[in-house]
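Here is a short walk through one protein chain, meant to be read with the model open beside you. We will begin with a single residue and work outwards from there.

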Amino acid sequence: MTFPGMEQLVQTQFQLQINGRTVQTGDIRNMIFDLQTIVDFIGTHFGLGEGDMIYTGTPEGVGSVHHGDRFELYWGEQSLGQLTVVIP
């Protein structure tokens, strides 16, 4: 996925589903620090390279996680990835 630009970014919601049930919905307008501030801070203090990911925390809603749970992340209507939890 290429960067869509700030205008579209603030107009698109993300959501997390666990086992097909939506447990989180949010958008970047609800973040404590705006995206540019976060990118600038990390780039200055730690460095950023192509393909790096920044984890900023999440809105409320996830709860406990169990073996076999299937997570899927959506950006608007587009699925960006999924994972299945394996707890040995």
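## A glycine in a strand, and what surrounds it

Gly26 sits in strand E2. The model you are looking at is predicted. Gly26 has a relative accessible area of 8%, which is under 20%, so Gly26 counts as buried. Setting aside residues up to four places away in sequence, Gly26 touches Gln13 and Phe14. Gln15 is worth finding as well: Gly26 and Gln15 are 11 residues apart in sequence, and their C-alpha atoms are 6.4 Å apart in space.

**The chain as a whole**

Let us step back for a moment. The chain has two helices and four strands, and from the N terminus on these elements run α-β-β-α-β-β. Of the 88 residues, 22% count as buried. The C-alpha trace spans about 40 × 30 × 25 Å along its principal axes. The accessible surface comes to about 6,800 Å², and 54% of this surface belongs to carbon and sulfur atoms. Among contacts with a separation of 6 or more, residues 24 or more positions apart account for 44%.

**The sheet**

In what order do the four strands lie in the open sheet? The order is E2-E1-E3-E4, with antiparallel pairing. Strand E2 (21-26) and strand E4 (78-84) stand at the edges with a single partner strand each, so one side of each has no neighbour in the sheet. On average, and with direction ignored, neighbouring strands of this sheet are turned by 20 degrees against each other.

E1 and E2 run antiparallel and are joined by five bridges; in one of these pairings, Leu16 has Gln24 in E2 as its bridge partner. E1 and E2 also form a hairpin, with two residues between them. Asn19 lies in that turn and has a positive phi of about 55 degrees.

On the other side of the sheet order, strand E3 (residues 70-75) is joined to E4 by six bridges, and these two strands also run antiparallel. Trp75 has Gln78 as its bridge partner in E4.

**Two polar residues under cover**

Gln17 is found in strand E1 (residues 14-18). Is Gln17 buried or exposed? With a relative accessible area of 16%, Gln17 is buried. The side chain of Gln17 has a polar contact of 3.0 Å with the side chain of Gln15. Beyond four places in sequence, Gln17 touches Thr22, Arg70, Phe71, Glu72 and Tyr74.

Glu72 is the second residue to look at, and its place is in strand E3. At 9% relative accessibility, Glu72 counts as buried. Its side chain makes a polar contact of 2.6 Å with the side chain of Ser79. Leaving aside neighbours within four places in sequence, Glu72 is in contact with Gln15, Leu16, Gln17, Ser79, Gly81 and Gln82.

**Salt bridges**

How many salt bridges does a search of the whole structure find? The search finds two, and the table sets them out.

| Side chains | N to O distance |
|---|---|
| Arg29 and Asp27 | 3.5 Å |
| Arg70 and Glu72 | 3.1 Å |

The accessibilities of the partners are worth a look too. Arg29 is exposed, with a relative accessible area of 54%, whereas Asp27 is buried at 9%. In the other pair, Arg70 counts as partly exposed at 32% relative accessibility, while Glu72 counts as buried at 9%. Glu72 therefore falls under the 20% limit for buried residues, and Arg70 lies between that limit and the 50% above which a residue would be called exposed.

**The ends of helix H2**

Finally, follow the chain to helix H2 (residues 35-45). At the start of this helix, a side-chain oxygen of Asp34 reaches to within 3.1 Å of the backbone nitrogen of Gln36. After H2 comes Gly47, with a positive phi near 90 degrees.

Definitions and conventions
Residues are numbered from 1 along each chain as its sequence is written. This is a predicted model: local features need pLDDT of at least 70, side-chain atom pairs count only at pLDDT 80 or more; totals for chains, interfaces and linings use all residues. Side-chain values use heavy atoms; hydrogens and water are left out. Buried means under 20% relative accessible area, exposed over 50%, partly exposed in between (1.4 Å probe, protein chains only). A polar contact is a pair of N or O atoms within 3.5 Å; within protein, one must be able to donate a hydrogen and the other to accept it, and residues adjacent in sequence count only if both atoms are side-chain atoms. Contact means heavy atoms within 4.5 Å. Two strands pair if DSSP finds at least two bridges between them. Axes are lines fitted to C-alpha atoms, for helices over the stretch in contact, and angles run from 0 to 180 degrees between N-to-C directions. A salt bridge is a side-chain nitrogen of Lys or Arg within 4 Å of a carboxyl oxygen of Asp or Glu. Accessible areas come from the Shrake-Rupley method with a 1.4 Å probe; for residues, only the protein chains shown count as cover.
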